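Thanks for passing this one along. Here are some notes to read with the model open beside you.

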Amino acid sequence: MTPLEDNFADVLGKAMQGRRIGEAAAAAKSGLPEEDVRALLRGEYNETNARRLAGTLGLRADALAKIGRAEYVPTTPEATNLAQVTTNYGV
């Protein structure tokens, strides 16, 4: 199992940064109070609020909710067509 590097708050924060949307604008566009947006960004998960903000930021709400509930586990692709080669170079 590969753990995620980012939690739901990181995902929201990066989406806001990428879209150049501040807390006040995110709150206004999503209809959430600014304090609720700040709470999400502090890592206080509220699924209803996270889903509303996800839609505003163009994120998939179901995927964000899975991350927020700690239910998302990324798959690790199996490496194919690899070979380990050892040589005596430099010995």
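1. Let me begin with Leu53, which sits in helix 4, the run of residues 47-57. Please bear in mind throughout that this is a predicted model. Is Leu53 buried or exposed? Its relative accessible area is 0%, and because the cut-off for buried is under 20%, Leu53 counts as buried.

2. What does Leu53 touch, once residues up to four places away in sequence are set aside? The partners are Leu12, Ala26, Ser30, Leu32, Val37 and Leu40. One of these, Leu32, is 21 residues from Leu53 along the chain, and the two C-alpha atoms are separated by 7.9 Å. Helix 4 holds Leu53, while helix 1 covers 8-18, helix 2 covers 23-30 and helix 3 covers residues 34-41, so you can place each partner on your display with the burial of Leu53 in mind.

3. Now to the chain as a whole. How many helices and strands does it have? The count is 5 helices and 0 strands, and the order along the sequence reads α-α-α-α-α. The radius of gyration is 19 Å, whereas the globule rule gives 12 Å for 91 residues; the chain is therefore more spread out than a compact globule. The C-alpha trace spans about 65 × 25 × 20 Å along its principal axes.

4. A few totals belong with that picture. Of the 91 residues, 23% count as buried, and Leu53 is buried too, at 0%. The chain exposes about 6,600 Å², with 49% of that area supplied by carbon and sulfur atoms. Taking contacts between residues at least 6 apart in sequence, 50% join residues at least 24 apart.

5. On charge, the chain carries 11 positive and 12 negative side chains. The centres of these two sets lie 6 Å apart.

6. Leu4 is worth a look at the other end of the accessibility question. This residue lies in the segment before helix 1. Its relative accessibility is 37%, so Leu4 counts as partly exposed. Leaving out residues up to four places away in sequence, Leu4 touches Ile67, Tyr72 and Pro74. Of these, Ile67 falls within the range of helix 5, residues 61-68. Leu4 and Tyr72 are 68 residues apart in sequence, yet their C-alpha atoms are 8.5 Å apart in space.

7. Two backbone angles caught my eye. Most residues other than glycine have a negative phi. Which value does Arg20 take? Its phi is near 55°, a positive value. Arg20 is placed in the loop between helix 1 and helix 2, and at 79% relative accessibility it counts as exposed.

8. Asn81 also has a positive phi, near 60°. Where is Asn81 found? The answer is the segment after helix 5. With a relative accessible area of 80%, Asn81 is exposed.

9. Finally, a word on confidence. The mean pLDDT of the chain is 91, and 96% of the residues reach 70 or more. Confidence is highest in helix 3, at a mean of 97, and lowest in helix 5, at 94.

Key. Residues numbered from 1 in each chain as written. Heavy atoms only, no water. Helix = DSSP H or I, 4+ residues; strand = E, 2+ residues; numbered from the N terminus. Rg over C-alpha atoms; globule rule 2.2 N^0.38 Å. Buried < 20%, exposed > 50% of the residue type's maximum accessible area, 1.4 Å probe, protein only. Contact = heavy atoms within 4.5 Å. Areas by Shrake-Rupley, 256 points an atom, 1.4 Å probe, with all protein chains shown as cover. Lys, Arg positive; Asp, Glu negative; His and termini not counted. Charge placed at Lys NZ, Arg CZ, Asp CG, Glu CD. pLDDT = per-residue confidence, 0-100.
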